[in-house]
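Let's take a friendly tour of the salt bridges in this model. Have the sequence and the 3D view ready as you read.

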Amino acid sequence: IRENVIHRVGEFDNVDDFFAAMCLSEGEHLKAFCGFLKTNHLDDDLRTHNWVGLARGYNGPQYAANSYHLKLPAAWKKYGGK
């Protein structure tokens, strides 16, 4: 994750603080992730299941190299998404 992206989360002063929050607990990880989504206007992509937009926004322009846009809907379906 690029440091300039993390600054857009607003809660964290630097990438180390963001990373530390993600490692504290599942709850803190989820809170930091949701903050990232909201600050970067990716929460709408999640709500509308725009998997390409979400993957690109979170993982950057190389998202397709790791098939994130395909893994997200598969996980959504696996864990009960409709």
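Does arginine 47 count as buried or exposed? With a relative accessibility of 56%, arginine 47 counts as exposed. Please keep in mind that the model is predicted.

## Salt bridges overall

Searching the whole structure turns up three salt bridges. They are described helix by helix below.

## The pair in helix H3

Helix H3 covers residues 26-39 and holds both lysine 31 and glutamate 28. These two residues are three positions apart, about one turn of the helix. Their side chains form a salt bridge, with an N to O distance of 3.3 Å.

Both partners can be placed by their accessibility. Lysine 31 is partly exposed, at 47% relative accessible area, and glutamate 28 is also partly exposed, at 28%.

## The network in helix H4

In helix H4 (residues 43-47), aspartate 43 and arginine 47 sit four residues apart, about one turn of the helix. A salt bridge joins their side chains at 3.0 Å, N to O. Aspartate 44 also lies in helix H4, three residues from arginine 47, and the side chains of aspartate 44 and arginine 47 meet in a salt bridge of 2.7 Å, N to O. Asp43, Asp44 and Arg47 are thus linked in a network of salt bridges.

How do the two aspartates in this network sit? Aspartate 43 has a relative accessible area of 18%, so it is buried, since buried means under 20%. Aspartate 44 is partly exposed, with a relative accessible area of 44%.

Note on methods
Residues are numbered from 1 along each chain as its sequence is written. This is a predicted model: local features need pLDDT of at least 70, side-chain atom pairs count only at pLDDT 80 or more; totals for chains, interfaces and linings use all residues. Side-chain values use heavy atoms; hydrogens and water are left out. A salt bridge is a side-chain nitrogen of Lys or Arg within 4 Å of a carboxyl oxygen of Asp or Glu. Buried means under 20% relative accessible area, exposed over 50%, partly exposed in between (1.4 Å probe, protein chains only).
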